[in-house]
Amino acid sequence: KIAESGLRTTRQALAQAQKQLDEATITAPFDGVIASVSAKEKDIIPSPTMAPKIIIHLVDLTSLELKVEVDEIDIAEVKLEQRAVIEVDALPDVLFEGKVTAISPVSVASTGVVVYPVTIALDVPEDSKLKVGMSATADIIINERSNILLVPSRAIQKDDQGNPVVKVMVDDQIEERSVVVGISDGFQTEIVDGLSEGEIVVVEIRVKPRPLGPGLF
């Protein structure tokens with residue numbers, strides 16, 4: 001009986017020791033690189049019920065996130081899973097592909113402008129030289145077309161009824177033609193109907209007069 005009691009005590013001690021070991025072992029939820037360690041030997045780590053303390057900063061360099069701010073005027077067009085093209089200031093010759101993974105329903109004020117935080121996830125090639133914390137901007141693609149006819153947006157005017165028209169050069173003469181327009185990025189506009197590839201579109205350029213110098217008339 002004494003031996004059995006000692007065995008039970010030993011097993012309880014072993015279970016307690018195993019529990020303490022399990023609690024002392026931190027398992028990362030993903031593969032990555034330890035970027036920083038803020039705890040030292042003999043530091044007292046607060047319990048999870050108290051204010052959390054960051055002990056280890058682990059970074060997955062192959063899958064990063066970009067936090068951007070979208071103006072309230074544009075946020076209605078942003079949807080989850082939309083494609084984004086990211087430019088990094090330190091890597092001007094490289095474009096990164098990403099997609100929208102989170103859109104905050106709550107706005108924040110930034111320099112007097114109402115914006116919404118948006119998260120963009122991007123896969124990073126191993127040899128990209130991209131580092132955590134680099135400044136970047138993103139173009140979120142809200143609409144796409146391929147194999148379309150484009151004209152400069154400034155070439156499109158309005159007729160008396162407010163319909164879009166363009167001026168086309170035909171046999172050395174300029175004729176006004178009605179067109180059906182599609183999407184636009186502000187610089188180029190899609191022409192759905194009314195023009196054909198190869199036709200010459202007339203674009204009016206306004207030149208600001210230059211003041212004449214002394215003695216010039």
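Two strands count as paired if DSSP finds at least two bridges between them. Keep that in mind for the first exercise, and remember that this is a predicted model.

**Exercise 1. The hairpin**

Work out in which sense strand 11 and strand 12 pair, and which residue between them takes a positive phi.

*Solution.*
- Start with the bridges: strand 11 (residues 164-170) and strand 12 (residues 173-178) share six of them, in the antiparallel sense.
- Pick one bridge to check by eye: Val 166 has Arg 177 in strand 12 as its partner.
- Now look at the turn. Two residues sit between the strands of this hairpin, and Asp 171 has a positive phi near 50°.

**Exercise 2. The largest pocket**

Find the volume of the largest pocket, then say which elements give two or more residues to its lining.

*Solution.*
- The largest pocket holds about 450 Å³ of space.
- Its lining has 15 residues, and Ile 141, Asn 143, Ile 183, Ser 184 and Asp 185 are the closest to the centre.
- Strand 8, strand 13 (180-184) and strand 14 (188-193) each give two or more residues to that lining.
- Sorted by chemistry, the lining of the largest pocket has six nonpolar, three polar and six charged residues.

**Exercise 3. The second largest pocket**

Find which strand supplies the largest share of the lining of the second largest pocket.

*Solution.*
- Here you have about 230 Å³ of space.
- List the lining residues: Val 68, Glu 69, Val 70, Asp 71, Asp 74, Glu 77, Val 78, Ala 138, Ile 140 and Ile 142.
- Strand 3 (63-71) and strand 8 both supply at least two of these.
- Strand 3 takes the largest share, with four residues.
- By type, the lining of the second largest pocket splits into six nonpolar and four charged residues, with no polar ones.

**Exercise 4. A salt bridge and a patch**

Say which residue forms a salt bridge with Glu 81, and where Val 132 of the nonpolar patch is placed.

*Solution.*
- With a cut-off of 4 Å between nitrogen and carboxyl oxygen, the model has eight salt bridges.
- One of them joins Glu 81 to Lys 99, whose closest N and O atoms are 3.3 Å apart.
- Glu 81 is in the loop between strand 3 and strand 4 (83-88) and Lys 99 is in strand 5 (residues 91-103), so the pair ties together parts 18 residues apart in sequence.
- On to the surface: Val 33, Leu 61 and Val 132 make a nonpolar patch of about 250 Å².
- Val 132 belongs to the loop between strand 7 (113-123) and strand 8 (136-140).

Key. Residues are numbered from 1 along each chain as its sequence is written. This is a predicted model: local features need pLDDT of at least 70, side-chain atom pairs count only at pLDDT 80 or more; totals for chains, interfaces and linings use all residues. Side-chain values use heavy atoms; hydrogens and water are left out. Patches are made of residues with over 30% relative accessible area and no salt bridge: like charges are joined within 9 Å, nonpolar side chains (Val, Leu, Ile, Met, Phe, Trp, Tyr) within 5 Å. Accessible areas come from the Shrake-Rupley method with a 1.4 Å probe; for residues, only the protein chains shown count as cover. A salt bridge is a side-chain nitrogen of Lys or Arg within 4 Å of a carboxyl oxygen of Asp or Glu. On a 1 Å grid over the protein atoms alone, a cavity is a set of points where a 1.4 Å probe fits but cannot get out, and a pocket is an open set with protein on both sides within 12 Å along at least five of seven lines; lining residues have an atom within 4 Å of a point. Grid points are joined across faces, edges and corners, and a volume is the space filled by probe spheres set on the points. Ala, Val, Leu, Ile, Met, Phe, Trp, Tyr, Cys and Pro count as nonpolar, Asp, Glu, Lys and Arg as charged, and the others, Gly among them, as polar.
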